Amino acid sequence: MSALFNFESLLLVILLLICTCTYIRAVAPGLIDRNKEGFLGLFFMSARIGERLSPYVALACVAMAVRILAQ
């Protein structure tokens, strides 16, 4: 089943996107910061969400990990 049709998988993909973009922006800021508009701006926005809401994103990642391990 595709991740777009399964809500739990969709949340997992979004969390992984946010965490990955935040990490890449911390390591190589020029890679993410140069694309602030258009389709690639999605990665910039994901990095911003990860930076500003990092405690909540971390809590969501832990909750998703516990949910996956409990299955």
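Cysteine 61 comes out as partly exposed because its relative accessibility is 27%, where buried means under 20% relative accessible area, exposed over 50%, and partly exposed in between (1.4 Å probe, protein chains only). Cysteine 19 also lands in the partly exposed class, at 30% relative accessibility. The structure is a predicted model, in which local features need pLDDT of at least 70, side-chain atom pairs count only at pLDDT 80 or more, and totals for chains, interfaces and linings use all residues. Residues are numbered from 1 along each chain as its sequence is written, and side-chain values use heavy atoms, with hydrogens and water left out.

Back to the cysteines. A disulfide is a pair of cysteine sulfur atoms within 2.5 Å, and by this rule the count is 0 disulfides. Cysteine 19 is in none, with the nearest cysteine sulfur, that of cysteine 61, 3.4 Å away. That gap is too far for a bond, which is why cysteine 61 stays unpaired as well.

As for the overall build, the protein has 4 helices and 0 strands, following the pattern α-α-α-α along the sequence. Helices (H or I, at least four residues) and strands (E, at least two) are DSSP runs, numbered from the N terminus. The C-alpha trace spans about 40 × 25 × 15 Å along its principal axes. Of the 71 residues, 18% are buried. Contact means heavy atoms within 4.5 Å; among contacts between residues at least 6 apart in sequence, 54% join residues at least 24 apart.

Helix H3 (41-52) gives a handy look at the packing. Its 12 residues should span 16 Å at 1.5 Å a residue, and its end C-alpha atoms are 16 Å apart, so the two agree; the expected span is 1.5 Å times one less than the number of residues. Gly41, Phe44, Ser46, Ala47 and Gly50 are the buried residues of H3, and they pack against helix H1 (7-27), H2 and helix H4 (54-70).

Charged side chains come next. A salt bridge is a side-chain nitrogen of Lys or Arg within 4 Å of a carboxyl oxygen of Asp or Glu, and the whole structure holds 4 of them. One of these joins arginine 67 and glutamate 8 (3.4 Å, N to O), linking helix H4 to helix H1 across 59 residues. Arginine 67 is partly exposed at 46% relative accessible area, and glutamate 8 is partly exposed at 21%. Arginine 25, by contrast, counts as buried at 16% relative accessibility. Arginine 25 meets aspartate 33 in a salt bridge (2.6 Å, N to O), and arginine 25 also pairs with glutamate 51 (2.4 Å, N to O). The pair of arginine 25 in helix H1 and glutamate 51 in helix H3 links parts of the chain 26 residues apart. Through shared partners, salt bridges join Arg25, Asp33, Arg48 and Glu51 into one network.

On the outside, Phe39, Leu40 and Leu42 make a nonpolar surface patch of about 310 Å². Patches are made of residues with over 30% relative accessible area and no salt bridge, with like charges joined within 9 Å and nonpolar side chains (Val, Leu, Ile, Met, Phe, Trp, Tyr) within 5 Å. Phenylalanine 39 sits in the loop between helix H2 (29-33) and helix H3 and counts as exposed at 65% relative accessibility. Leucine 40 lies in the loop between H2 and H3 and is partly exposed at 40%. The protein exposes about 5300 Å², with carbon and sulfur atoms supplying 71% of it; accessible areas come from the Shrake-Rupley method with a 1.4 Å probe, and for residues only the protein chains shown count as cover.
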